[in-house]
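Work through the exercises below with the sequence and the 3D view side by side, and try each task before reading its solution.

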Amino acid sequence: MFETFKTEWLQQPGKNFMAGLVVALALIPEAIAFSIIAGVDPMVGLYAAFIIATVTAIAGGRPAMISGATGAVALVVTPLVRDHGLEYLLAATILMGLIQFILGVLKIGRLMKFIPRSVMIGFVNALGIMIFMSQLEHIFGISIHTYIYVIVTLLMVYIIPLFKRIRIPAPLIAIVVLTAIYMVFGSDVRTVGDLGNIQQKLPHFLIPDVPYNLETLRIIFPYALSMAIVGLVESLLTAKIVDDYTDTYSNKNKESRGQGIANIITGLFGGMGGCAMIGQSGINVRSGANSRLSTLTAGVMLMFMIMVLGDIVVKIPMPILAGIMVMVSVGTVDWGSFKYIKNAPKTDAVVMLLTVIIVLFTHNLAIGVVVGVVFSALFFAAKISQVDVQQHQQGDHVQLAINGQIFFVSIDSLMGQIDLNQHHKTITIDLSRAHLWDDSAVDAIDNLVNKLKHKQNHVTVVGLNAQSHKIIKELSQLNHNHFKV
């Protein structure tokens with residue numbers, strides 16, 4: 001127990017604290033922006049960022065991953081806020097958390113193994129593109145000074161890590177130095193304060209002021225379910241990405257439960273729903289974070305800066321934070337994808353590109369992933385549905401050797417290769433190199449035997465493996481004398 005605590009909380013505390021501090025600064029404009037997307041006060045997003053980051057640091061399954069208010073969830077709830085108001089959003093957020101917690105208890109994390117690598121690559125690339133596109137409004141069409149700040153930020157974030165003796169994360173140096181320059185000399189740039197009004201007060205416990213009846217449930221349940229699914233898909237995929245980046249393993253079911261607990265609490269303290277954040281998680285791990293301390297620091301320091309340093313935080317120039325996020329987007333994109341498209345099987349390349357296109361078109365990561373998984377499954381089913389039938393005949397004895405996977409997709413391929421116009425023969429159907437997967441496969445074998453018997457043939461099925469024999473025994477309508485294992 002102590003070794004786990006030591007590994008998850010106490011390793012390299014200085015590096016994790018500094019990384020969390022950088023993330024806290026990056027969380028502020030994102031939380032405000034997502035509040036604006038959802039149509040609520042900026043403090044609703046800031047409270048969510050503080051609570052979700054803090055709670056998942058303790059209850060989540062992925063050390064060093066950052067969670068908070070996100071654009072994916074904000075886009076889902078925009079119609080709910082517009083039509084019914086903030087109180088219904090808070091009620092939906094609590095229900096969202098409850099659904100996520102239940103899914104975590106049901107071990108929803110095991111479904112991660114069904115997401116192919118092509119979908120993962122598409123997900124990562126779409127995230128990188130979305131992060132970059134979200135920063136364009138903070139960079140272009142504002143002023144020359146904005147371009148200068150962005151360029152200098154990019155140079156600092158790129159060059160500073162080349163000096164190995166500098167232990168302070170480059171993004172933090174860029175924020176402190178360039179903000180100080182802005183405060184001394186001034187510039188024609190937008191600041192964090194231009195995004196919305198930041199109030200220096202802590203969140204307080206509240207119960208959503210909505211009627212507790214079936215009509216309210218009818219209104220909030222579709223949104224809560226969508227938020228829960230979107231949040232879990234993004235959280236679990238982000239956890240997998242951080243796993244790969246840090247060469248460690250995380251408990252996806254615990255992460256699901258932790259996300260649920262965090263969203264229940266944030267809804268009870270006036271915050272909107274959220275999930276894992278790929279951009280901020282990228283900043284965190286690239287700044288050297290590897291423990292839960294970094295995530296806890298990000299949440300606590302976010303609230304500290306709002307409460308104590310709010311007057312300074314609002315003066316941070318937006319082009320600095322935009323420049324940092326651009327570097328994160330560059331690091332997020334899998335640049336080996338161009339080689340992957342060229343060398344991978346065409347179906348995998350199509351799935352990867354389709355995932356990217358769907359995510360960018362809908363701005364919904366969950367839809368992109370689901371579409372990618374569905375098409376990947378369809379391509380896989382089509383690939384393994386090719387059945388080969390070899391016919392060998394000696395006199396009146398015919399052997400049909402079937403090779404392949406027999407299931408609902410491959411039935412037509414199977415039946416199309418067999419000559420059913422044979423009469424008065426002894427026919428052996430050899431399934432030693434085949435496997436029966438479902439009731440459609442059993443029904444196909446039944447039909448095949450019946451059609452051949454109808455032509456006065458003597459038919460025997462041989463070579464069934466143990467699993468195929470079991471499903472035949474349970475579902476076949478034929479006399480079992482026709483089958484030999």
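**Exercise 1.** What accessible area does the protein chain expose, and what percentage of it do carbon and sulfur atoms supply?

*Solution.* Begin with the model itself, which is predicted, so that local features need pLDDT of at least 70, side-chain atom pairs count only at pLDDT 80 or more, and totals for chains, interfaces and linings use all residues. Residues are numbered from 1 along each chain as its sequence is written, and side-chain values use heavy atoms, with hydrogens and water left out. By the Shrake-Rupley method with a 1.4 Å probe, the protein chain exposes about 22400 Å², and carbon and sulfur atoms supply 64% of that area.

**Exercise 2.** Locate threonine 266 and state whether it is buried or exposed.

*Solution.* First, find helix H10, a DSSP run of H or I with at least four residues, which covers residues 252-268 and includes threonine 266. Next, apply the cut-off: threonine 266 counts as buried (under 20% relative accessible area, 1.4 Å probe, protein chains only) because its relative accessibility is 0%. Finally, look for contacts (heavy atoms within 4.5 Å): leaving aside neighbours within four places in sequence, threonine 266 touches Tyr47, Ala48, Ile51, Ile52, Thr93, Gly271 and Met272.

**Exercise 3.** Describe how burial and contacts are spread over the protein chain as a whole.

*Solution.* Start with burial, which applies to 53% of the 485 residues of the protein chain. Then take the contacts between residues at least 6 apart in sequence, of which 83% join residues at least 24 apart.

Terms used: Buried means under 20% relative accessible area, exposed over 50%, partly exposed in between (1.4 Å probe, protein chains only). Helices (H or I, at least four residues) and strands (E, at least two) are DSSP runs, numbered from the N terminus.
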